[in-house]
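Welcome! Take a moment to look over the sequence and the fold below, and then we can walk through the main features together.

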Amino acid sequence: MDKKSVIVTGATSFIGNALIRQMLSEGEYKIFAVTSPDSGRKDSICKSGSVEIIESDLSGIDRILPDYTGKIDAIYHIGWSSRFDNARYNLDGQMQNAEYMERVITLADRLGCNKVLGVGSQAECGRVQEPITETTPDHPETAYAVAKCRAYERAMELCGKYGIQFFWPRLLSAYGPNDKMRTMIMSCLHAAVCKEKIQFTACEQIWDYIYVDDAADALIGIVERGQCGVKYPIASGKGRRLAEYIADIAEITNAPFLVNGIGAKPYAKEQVMYLVGDIRRLCEDTGFAPKTDFRQGIRNTIHNNFTDREDIISEKV
């Protein structure tokens, strides 16, 4: 069987890493992995004869593979730049990302590719009090969210014009190997490994975490079997208090002091208190089902990111 040829932008991001790993595990893909020329994380991309690294900024994404005459089956546009000041609230900077989404569509049209996936965000919905579904309306509260909404609208318009199938799932809260260290999960693991105190809010927020490999599996399923334009939430479908996640990490890493930091900080002014995804349609349309529970995902992350400190795991697999 011929391999599917795909382009993955943002290949050094932890979502891009996981997506490439998942594709390689299936053995059915030839992957063009796009990364910035000055990225310091190129070594994070899986080494394989099925992966070809292409160095390009997103501003030049429409010009890659100038002489390519083969078939590109799909483009997974994971890349989203934050290389500007006050990134989440910088409208000019964020709207450049919406323009890059347009350039991805231009690239797809030039290469004769008829499937493009972009990655949306729960931020498009603003603060909600009930599970996010594929029909939850837009209510952007940041420049980042405004640009995501704009990227979707413009991509749907252009893909309609060019006859390209466009997919735009909304990713909620993913975690796992190679994630940024400033996230709650990674900060908590770092504190556990280094035996450092850490402070949290009261952690009453109801959150829905999905392991990054499961998120990658959902992305592939959406392109292969999903419906165009549907804003599928990508999540585990189950919400828990943040305090419960921290308690799990404390138990797994034998770091009970972590829970002592709960309640030490006030909530942010615009704190999101509820973030859960309703994944029923995603499961029905694509056959998706999360495979990795939170505790196993934490063990996997420790094995990958803290290889010299696996001794901290008190609960062996």
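## Cysteines first

A disulfide is a pair of cysteine sulfur atoms within 2.5 Å. This is a predicted model, and the structure holds zero disulfides. Take Cys-194, which is in no disulfide: the nearest cysteine sulfur belongs to Cys-188 and is 12 Å away.

How accessible is Cys-194? Its relative accessibility is 37%, so Cys-194 counts as partly exposed. Cys-46 also counts as partly exposed, because its relative accessibility is 26%.

## The six-stranded sheet

Now for the strands. Six of them form an open sheet with parallel pairing, and their order is E3-E2-E1-E4-E5-E7. At the edges stand E3 (51-55) and E7, each with a single partner strand, so one side of each has no neighbour in the sheet. On average, neighbouring strands here are turned by 20° against each other, ignoring direction.

Within this sheet, E1 (residues 4-9) pairs with E4 (residues 74-77) in the parallel sense over four bridges. One residue to look for is Val-6, whose bridge partner in E4 is Ala-74. Helix H5 (residues 212-225) packs on the sheet and touches E1, E2 (29-35), E4, E5 (115-118) and E7. The direction of H5 makes about 145° with that of E5.

## Two nonpolar cores

In soluble globular proteins, nonpolar side chains tend to be buried together. The largest nonpolar core in this model has 72 residues. Which residues have the most contacts inside it? They are Val-8, Leu-19, Met-23, Tyr-76, Leu-258 and Ile-298. H5 gives the most to this core, with eight residues.

Ile-298 is a good place to zoom in: leaving aside residues up to four places away in sequence, Ile-298 touches Tyr-175, Ile-185, Leu-189, Ile-249 and Ile-252. Apart from the largest core lies another, of 31 residues, and Met-101, Val-116, Ala-151 and Ala-155 are among them.

## Helix H3

Helix H3 covers residues 143-162, which makes 20 residues. At 1.5 Å a residue, H3 should span 28 Å, and its end C-alpha atoms are indeed 28 Å apart, so the two values agree. After H3 comes Gly-163, which has a positive phi near 70°.

Several residues of H3 are buried, including Ala-147, Cys-149, Tyr-152 and Leu-158. Lys-148 is also one of the buried residues of H3. What covers the buried residues of H3? The cover includes helix H2 (91-111), strand E6 (120-121) and strand E7 (165-167).

## Arg-170 and a smaller sheet

Our last stop is Arg-170, found in strand E8 (residues 170-171). Is Arg-170 buried or exposed? Its relative accessible area is 0%, so Arg-170 is buried. Leaving out residues up to four places away in sequence, its contacts include Gly-120, Glu-124, Asp-138, Lys-231 and Tyr-232. Tyr-68 is 102 residues from Arg-170 in sequence, and their C-alpha atoms are 31 Å apart in space.

E8 belongs to an open sheet of three strands in the order E6-E8-E12, again with parallel pairing. E6 and E12 (233-234) are its edge strands, and each pairs on one side only. E8 and E12 run parallel and are joined by two bridges. Here Leu-171 stands opposite Ile-234 in E12.

Key
Residues numbered from 1 in each chain as written. Predicted model: local features only at pLDDT ≥ 70, side-chain atom pairs only at ≥ 80, totals over all residues. Heavy atoms only, no water. Expected span 1.5 Å × (residues − 1). Buried < 20%, exposed > 50% of the residue type's maximum accessible area, 1.4 Å probe, protein only. Contact = heavy atoms within 4.5 Å. Pairing = 2+ DSSP bridges. Axes fitted to C-alpha atoms, helices over the stretch in contact; angles between N-to-C directions. Core = buried A, V, L, I, M, F, W, Y, C linked by side-chain atoms within 4.5 Å.
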